[in-house]
Amino acid sequence: MLHHIQQNRFDTLEALSWEVLVHATYSPDLAPSAYHLFASMGHALAEQRFGSYKDVKKWLDEWFAAKGEDFYWRGIHKLFERWGKCVTSNGAYFE
């Protein structure tokens, strides 16, 4: 059964002419906490103090709403670049 599912997957990738990329070795550089969104949010949260859950939710709603489409676009494209660096460095740490 598993072989059949895997073969269908490979047939689909071939039919779509999609390139199968090598999976990067584990790297802390690809950890979700290092992702563009969380790093930016961490900086913005550094000086914040909240008195209630409602205050946290309000701040988050406003923070997400204030980010333009280009903010998310850059973050997604940075992931591809970081993935390439991880593959090239064989999972070794890089700046």
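1. Let's start with a term you will need: a crossing of two helices is left-handed if the near helix is turned anticlockwise from the far one by less than a right angle, and right-handed if clockwise. Keep that picture in mind as you turn the structure, which is a predicted model. In this model, α2 passes α3 in a right-handed crossing.

2. Now for the overall layout. The protein has 4 helices and 0 strands, and reading along the sequence gives the pattern α-α-α-α. Of its 95 residues, 17% count as buried. Among contacts with a separation of 6 or more, 61% are between residues 24 or more positions apart.

3. Back to the first helix pair. Two packed helices are described by the angle between their axes and the distance between the axes. Helix α2 covers residues 36-45 and helix α3 covers residues 53-66; the two pack at about 125°, and their axes lie 12 Å apart. That angle makes α2 oblique to α3, because an angle counts as oblique when it falls outside the ranges for roughly parallel (under 35 degrees), roughly antiparallel (over 145) and roughly perpendicular (65 to 115).

4. Which residues make this contact? From α2 come Leu37, Ser40, Met41, Ala44 and Leu45, while α3 supplies Trp59, Leu60, Trp63 and Phe64. Sorted by class, the contact of α2 with α3 has 8 nonpolar residues, 1 polar residue and no charged ones.

5. Helix α2 has another partner to look at: α4, residues 69-88. These two helices also pack at an angle of about 125°, with axes 9 Å apart, and are therefore oblique to each other. On the α2 side the contact uses His36, Leu37 and Ser40; on the α4 side it uses Phe71, Tyr72, Arg74, Gly75 and Lys78. By class, the contact of α2 with α4 has 3 nonpolar, 3 polar and 2 charged residues.

6. Next, try finding the core. The largest nonpolar core has 6 residues, namely Tyr35, Leu37, Met41, Trp59, Trp63 and Phe71. Which elements give two or more residues to this core? They are α2 and α3.

7. Trp63 deserves a moment of your time. Setting aside neighbours within four places in sequence, Trp63 is in contact with Leu37, Ser40, Met41, Ala44 and Phe71. Leu37, Met41 and Phe71 also belong with Trp63 to the largest nonpolar core, and Trp63 is one of the α3 residues in the contact with α2.

8. Is Leu60 buried, partly exposed or exposed? Leu60 is found in helix α3 and is partly exposed, with a relative accessible area of 26%. The value lies between the limits of 20% for buried and 50% for exposed, so the label in between applies. The C-alpha atoms of Leu60 and Leu45 are separated by 9.7 Å, and these residues are 15 apart along the chain. Both take part in the contact between α2 and α3.

9. Finally, a look at a loop. Ser17 sits in the loop between α1 (2-15) and α2. Its phi is near 60°, a positive value in a residue other than glycine. Ser17 is exposed, with a relative accessible area of 65%.

Notes
Residues are numbered from 1 along each chain as its sequence is written. This is a predicted model: local features need pLDDT of at least 70, side-chain atom pairs count only at pLDDT 80 or more; totals for chains, interfaces and linings use all residues. Side-chain values use heavy atoms; hydrogens and water are left out. Axes are lines fitted to C-alpha atoms, for helices over the stretch in contact, and angles run from 0 to 180 degrees between N-to-C directions. Contact means heavy atoms within 4.5 Å. Ala, Val, Leu, Ile, Met, Phe, Trp, Tyr, Cys and Pro count as nonpolar, Asp, Glu, Lys and Arg as charged, and the others, Gly among them, as polar. Buried means under 20% relative accessible area, exposed over 50%, partly exposed in between (1.4 Å probe, protein chains only). A nonpolar core is a set of buried Ala, Val, Leu, Ile, Met, Phe, Trp, Tyr and Cys residues joined through side-chain atoms within 4.5 Å.
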